[in-house]
Amino acid sequence: MLHHTVLVVLVVWVSVDHAFSAAATSPQMGKKRSALFSVNKEVSHTEATKNVEMTEKVNSTNFKQLEKLRIRSIYVGRSCKDIKDRYNEKEDGLYFLTTANGMVYQTFCDMTTAGGGWTLVASVHENNVHGRCTVGDRWSSQQGNNADLPDGDGNWSNRNTFGAAEGATSDDFKNPGYYDIVAEDMSVWHVPNNFPLEHWNLAAILRYHTDNRFLRLYGGNLLQLFKQYPVRYNIGSISDRGPSIRIVYDHGDKESTRMLYGPNPRAEIEPGFITFRPINNERSAMAICSGVKPTSGFNTEHYCIGGGGYFDPRQCGDFPSFDWDSLGACQGWSPSKEMTEAAVLLFYR
């Protein structure tokens with residue numbers, strides 16, 4: 001019985017194989033195979049064409065973008081507002097500006113917020129709160145906490161420049177527009193450290209601006225303002241403070257601003273302002289309280305930025321005492337991790 005079964009299987013296999021061979025060599029099957037090969041060849045050619053077209057499109061887009069950027073380099077303007085008004089530019093990005101003396105420099109322009117025309121002139125960045133008044137703390141002192149240098153490096157009230165616009169969230173930045181532009185209002189963005197320029201707007205934890213043209217009263221820029229209100233140590237009464245200007249929020253609000261600071265500062269600040277040259281209990285001056293106004297207290301080193309060159313030993317640096325209780329944990333006097341690890345970008349219009 002077993003032999004018969006094997007014989008049947010072999011016969012069936014031979015029959016099937018013979019049938020396949022016959023079909024494969026038949027004229028009709030040959031035509032089908034030829035047609036199939038032709039279709040495959042056509043598909044392959046179509047895919048190759050698509051790949052070439054896609055590559056050409058990518059290259060074309062890049063060249064168009066480069067051409068757009070090249071055209072920007074021939075614009076003439078003292079500020080981003082000039083560029084917007086004269087050339088009808090509406091896209092955020094890097095542009096070239098010219099000072100009154102003919103110096104050309106590149107910076108970021110916000111062409112969309114509240115009518116656009118905002119020029120990035122500076123950023124205050126802190127990558128190491130523990131490295132107090134050391135190299136990199138350009139808005140306070142790179143010389144150390146020194147009583148002989150009460151004004152530190154003095155960069156709030158001089159014409160030094162440093163950094164690059166594209167790296168404004170990775171390092172301190174100050175361009176010639178800081179002292180050259182005659183502006184009316186300011187805008188401030190708090191952007192997480194190291195974020196690329198293309199995502200600053202969406203990444204910002206806070207964005208706000210003034211709208212009352214307050215800079216007209218102070219010479220049109222921060223250089224002139226800080227000449228009137230120098231950042232120094234032991235300058236006088238702690239009640240002697242610079243101006244507090246009301247702000248309009250573009251992203252965030254008063255409550256979200258308040259919660260970015262520690263529990264103790266919340267009791268002595270009013271959100272919704274930008275304050276210049278606030279004084280603390282030790283009679284030291286910071287540069288800016290960004291987003292808040294000191295009210296009932298004088299512990300400004302915990303919620304203001306940009307100090308001079310001499311403080312209490314634990315109150316020095318661009319973010320003078322943001323780590324007092326617990327770094328980035330929003331405990332005691334310390335602000336949140338979001339605020340501590342965000343660069344403060346300053347714009348004029």
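Alanine 114 is partly exposed, with a relative accessible area of 40%. Its place in this predicted model is the loop that runs between strand E2 (104-110) and strand E3 (118-124). Phi of alanine 114 is near 50°, which is a positive value in a residue other than glycine. The protein chain as a whole has 8 helices and 12 strands, and buried residues make up 46% of its 349 residues.

**Backbone: positive phi**

- Most residues other than glycine have a negative phi, and most peptide bonds are trans.
- Alanine 114 departs from that pattern of sign, with its positive phi near 50°.
- Asparagine 88 also has a positive phi, of about 55°, although it is not a glycine.
- The loop that holds asparagine 88 connects helix H3 (80-87) with strand E1 (93-98).
- Asparagine 88 has a relative accessible area of 52%, so it counts as exposed.

**Contacts along the chain**

- Among contacts in the protein chain with a separation of 6 or more, 61% are between residues 24 or more positions apart.

**Glycine 262**

- Glycine 262 sits in the loop between helix H7 (254-259) and strand E9 (269-276).
- Is glycine 262 buried or exposed? Its relative accessibility is 0%, so it counts as buried.
- Leaving aside residues up to four places away in sequence, glycine 262 touches Cys330, Gly332, Ser334 and Pro335.
- Serine 326 is 64 residues from glycine 262 along the chain, and the C-alpha atoms of the two are separated by 9.9 Å.

**Aromatic pairs**

- A pair of aromatic rings is described by the distance of the centres and the angle of the planes.
- The count of aromatic pairs comes to 15.
- In one of these pairs, tryptophan 139 and tryptophan 156 have ring centres 4.3 Å apart and planes at 40°, so the pair is tilted.
- Both tryptophan 139 and tryptophan 156 lie in the loop between E3 and strand E4 (173-174), so their pairing ties together parts that are 17 residues apart in sequence.
- Tryptophan 139 has a relative accessibility of 1% and therefore counts as buried.
- Tryptophan 156 is buried as well, because its relative accessible area is 4%, under the 20% cut-off.
- Which geometry does the pair of tryptophan 139 and phenylalanine 162 have? The ring centres are 5.4 Å apart and the planes are at 70°, so this pair is edge-to-face.
- Phenylalanine 162 and tryptophan 139 both lie in the loop between E3 and E4, so this pair ties together parts that are 23 residues apart in sequence.
- Phenylalanine 162 is buried, and so is tryptophan 139.
- One aromatic cluster is formed by Trp139, Trp156, Phe162, Tyr178, Phe214, Tyr218, Phe226, Tyr229 and Phe276.

**Charges over rings**

- Arginine 72 has its charged end over the ring of tyrosine 95, at 4.0 Å from the ring centre.
- Tryptophan 189 has arginine 207 lying over its face, at 5.5 Å from the ring centre.

**Threonine 275**

- Threonine 275 belongs to strand E9.
- Its relative accessibility is 1%, so threonine 275 counts as buried.
- Which side chain forms a polar contact of 2.9 Å with the side chain of threonine 275? The partner is serine 244.
- The side chain of threonine 275 also reaches the backbone oxygen of valine 292, at 3.0 Å.
- With residues up to four places away in sequence not counted, threonine 275 touches Pro243, Ser244, Ala287, Ile288, Cys289, Val292, Lys293 and Pro294.
- Serine 244 and valine 292 thus appear in that list of touching residues, serine 244 through the side-chain contact and valine 292 through its backbone oxygen.

**Internal space**

- Rolling a probe the size of a water molecule over the atoms shows where empty space is left.
- How many cavities of 30 Å³ or more does the structure hold? The structure holds 1 such cavity.
- The largest cavity contains about 40 Å³ of space.
- Its lining consists of His190, Tyr261, Ser290, Tyr303, Cys304, Ile305, Phe319, Phe322, Met339 and Val344.

Methods. Residues numbered from 1 in each chain as written. Predicted model: local features only at pLDDT ≥ 70, side-chain atom pairs only at ≥ 80, totals over all residues. Heavy atoms only, no water. Helix = DSSP H or I, 4+ residues; strand = E, 2+ residues; numbered from the N terminus. Buried < 20%, exposed > 50% of the residue type's maximum accessible area, 1.4 Å probe, protein only. Contact = heavy atoms within 4.5 Å. Phe/Tyr/Trp six-rings, centres within 6.5 Å; stacked < 30°, edge-to-face > 60°. Lys NZ or Arg CZ within 6 Å of the ring centre and 35° of its normal. Polar contact = N/O pair within 3.5 Å; in protein donor to acceptor, adjacent residues only side chain to side chain. 1 Å grid on protein atoms, 1.4 Å probe; cavity = no way out; pocket = protein on both sides within 12 Å on 5 of 7 lines; lining within 4 Å. Points joined across faces, edges and corners; volume = space filled by probe spheres on them.
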